[in-house]
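Subject: Structure handover

Hello,

Here is the structure for you to look at. My notes on it follow below.

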Amino acid sequence: MADFVGAIDQGTTSTRFMIFDHGGNEVARHQLEHEQVLPRAGWVEHNPTEIWERTRAVIETALNKANLGHSDLVALGITNQRETTLVWNRVTGRPYYNAIVWQDTRTDSIAAELDRDGRGDVIRRKAGLPPATYFSGGKIQWILENVEGVREAAESGEAVFGNMDTWVLWNLTGGTDGGVHVTDPTNASRTMLMDLETLDWDDELLSFFGIPRRMLPEIRPSSTSELYGVTRSDGPLRGEVALSGILGDQQAATVGQVCFSPGEAKNTYGTGNFLLLNTGTELVRSKSGLLTTVCYKFGDQAPVYALEGSIAVTGSAVQWLRDQLGIISGAAQSESLAAQVADNGGVYFVPAFSGLFAPYWRSDARGAIVGLSRFNTNAHVARATLEAICYQSRDVVEAMREDSGVALDVLRVDGGVTANELCMQMQADILGVPVSKPVVAETTALGAAYAAGLAVGFWTSTDELRRNWNEDKRWSPAWNDEQRTTGYAGWKKAVTRTLDWVDVP
Ligand code: ADP
């Protein structure tokens with residue numbers, strides 16, 4: 001029996017391949033960035049051909065580094081940047097247009113239109129999502145309407161849609177020569193096109209965007225012993241490996257953090273933040289600005305749902321301090337600069353650079369630094385930036401409490417910003433609950449590996465996976481209730497100052 005599971009993590013800035021052993025330990029990895037194509041303000045694209053080339057390269061290099069071959073891998077999982085939308089020709093294999101990335105806002109008028117008649121509410125009810133530029137449906141519509149020849153090719157079944165999971169899997173299984181066209185419910189639940197209860201594409205939702213059903217991939221479980229397919233021997237693995245797991249990146253991180261019970265939550269701190277709360281087999285419809293999403297569906301078991309709070313700007317606000325303000329030379333320096341002062345000195349920074357995502361969903365908001373007095377320094381601004389990461393997470397936790405009645409007893413964290421000890425201490429202080437970080441920080445790739453390995457019996461149960469989770473570090477709240485209440489009141493006030501700033505079409 002092969003000893004390892006591989007995971008492809010096709011992310012927003014880079015693609016990585018990781019190999020894990022039975023204990024969930026990392027054996028090897030390789031990672032390559034790809035170009036961010038920015039043709040106009042608000043437009044963000046990726047070149048799908050480049051992404052497939054990078055995927056091939058990271059697989060080959062990681063296997064070489066570890067001196068392993070395809071026969072050492074029992075299965076392969078895929079995790080991916082969600083929502084990013086591609087349409088390609090299944091006969092030629094050629095994309096009709098670059099992939100339109102989740103951050104791209106070119107579909108703002110399509111999204112706004114949905115809320116002018118009753119369609120927005122249908123989308124909320126059936127798909128669990130508020131109409132927004134973020135999701136795939138509007139992006140597919142844009143391609144159908146703006147790229148020549150796509151509409152006819154979609155009607156005839158030649159033009160097909162996929163998120164990055166689907167594109168990578170189609171290529172791994174042979175592409176134009178028998179490539180398999182599938183996705184999983186976690187990715188499909190980010191399109192505004194899938195009914196959360198049936199886990200199938202919904203004709204009424206498709207009609208809102210004018211999307212022919214024929215162009216959509218088949219929705220298969222996130223982990224399946226029936227396999228989506230096997231890799232081709234003329235591909236980067238040079239042999240057949242079972243493809244048995246697909247999870248969107250944030251759901252993968254939730255699985256990697258072994259949040260398998262209702263009430264368990266993880267928060268990933270990267271460019272933005274994504275907090276997911278497992279709500280079990282119960283579909284909780286948010287009244288507080290969260291998304292209802294599929295957390296995972298393993299084999300023929302009932303789907304498990306999650307409430308999600310997506311925050312657009314967290315770690316990228318630290319990058320902004322570095323690149324635009326120039327007050328730090330690297331992200332890590334945000335910690336030492338912020339540590340020069342004992343508190344925020346009355347300063348709040350709401351980094352609503354492109355509006356506010358959860359729980360506000362206000363595209364008319366823009367960033368603001370408020371509460372400044374002559375006394376304040378760079379250090380206060382740095383501290384306010386780190387606090388903003390934590391206060392935005394608190395907003396989401398409050399919304400989750402309202403929607404689900406669940407009060408967290410611990411928050412599991414991962415992602416680049418968790419390297420910042422001061423920020424994690426602030427998070428515990430601001431939330432009033434302990435914050436806990438695992439030893440294996442690459443929870444996204446690990447979650448995809450878990451989904452793939454569970455399917456083929458490499459791991460036999462989620463209980464076995466739980467035993468792989470080990471705590472690296474824990475931060476406990478040090479603030480008293482009064483500090484917490486006063487601090488949060490200041491934040492809420494600061495948020496109101498950012499609203500209603502720009503006119504939305
Ligand atoms: P992504 O997967 O979204 O690209 P990562 O998990 O790699 O993100 O995290 C990168 C983000 O983390 C960047 O926005 C960076 O500014 C931030 N970051 C990295 N190290 C630190 C640190 N020590 N303190 C604060 N922010 C950090």
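Helices (H or I, at least four residues) and strands (E, at least two) are DSSP runs, numbered from the N terminus. This is a predicted model: local features need pLDDT of at least 70, side-chain atom pairs count only at pLDDT 80 or more, and totals for chains, interfaces and linings use all residues. Residues are numbered from 1 along each chain as its sequence is written, and side-chain values use heavy atoms, with hydrogens and water left out.

Ligand site

Helix α10 (residues 315–325) contributes four residues to the shell around the ligand, the most of any. Around the ligand there are 15 residues (a residue is near if one of its heavy atoms lies within 4 Å). Those that come nearest are Thr 271, Gly 315, Gln 319, Gly 416 and Asn 420. By type, the shell has five nonpolar residues, ten polar and no charged; here Ala, Val, Leu, Ile, Met, Phe, Trp, Tyr, Cys and Pro count as nonpolar, Asp, Glu, Lys and Arg as charged, and the others, Gly among them, as polar.

For polar contacts (pairs of N or O atoms within 3.5 Å; within protein, one must be able to donate a hydrogen and the other to accept it, and residues adjacent in sequence count only if both atoms are side-chain atoms), a polar backbone atom of Gly 315 is 2.9 Å from an oxygen atom of the ligand. An N or O atom in the side chain of Asn 420 lies 3.0 Å from a nitrogen atom of the ligand. On its own the ligand has 580 Å² of accessible area, and the protein covers 71% of that (Shrake-Rupley method, 1.4 Å probe; for residues, only the protein chains shown count as cover).

Helix α4

Helix α4 (residues 136–146) is largely enclosed by the rest of the structure, because nine of its eleven residues are buried (under 20% relative accessible area; exposed is over 50%, partly exposed in between; 1.4 Å probe, protein chains only). Among the buried residues are Lys 139 and Trp 142. The buried residues of α4 pack against elements including β6 (86–89), α2 (108–114) and α8 (203–209).

Thr 191

Thr 191 sits in the loop between α7 (185–188) and β10 (194–195). Its relative accessibility is 0%, so Thr 191 counts as buried. The side chain of Thr 191 reaches the backbone nitrogen of Leu 193 at 3.1 Å. Beyond four places in sequence, its contacts (heavy atoms within 4.5 Å) include Ser 136 and Gly 137, both among the buried residues of α4.

Regards
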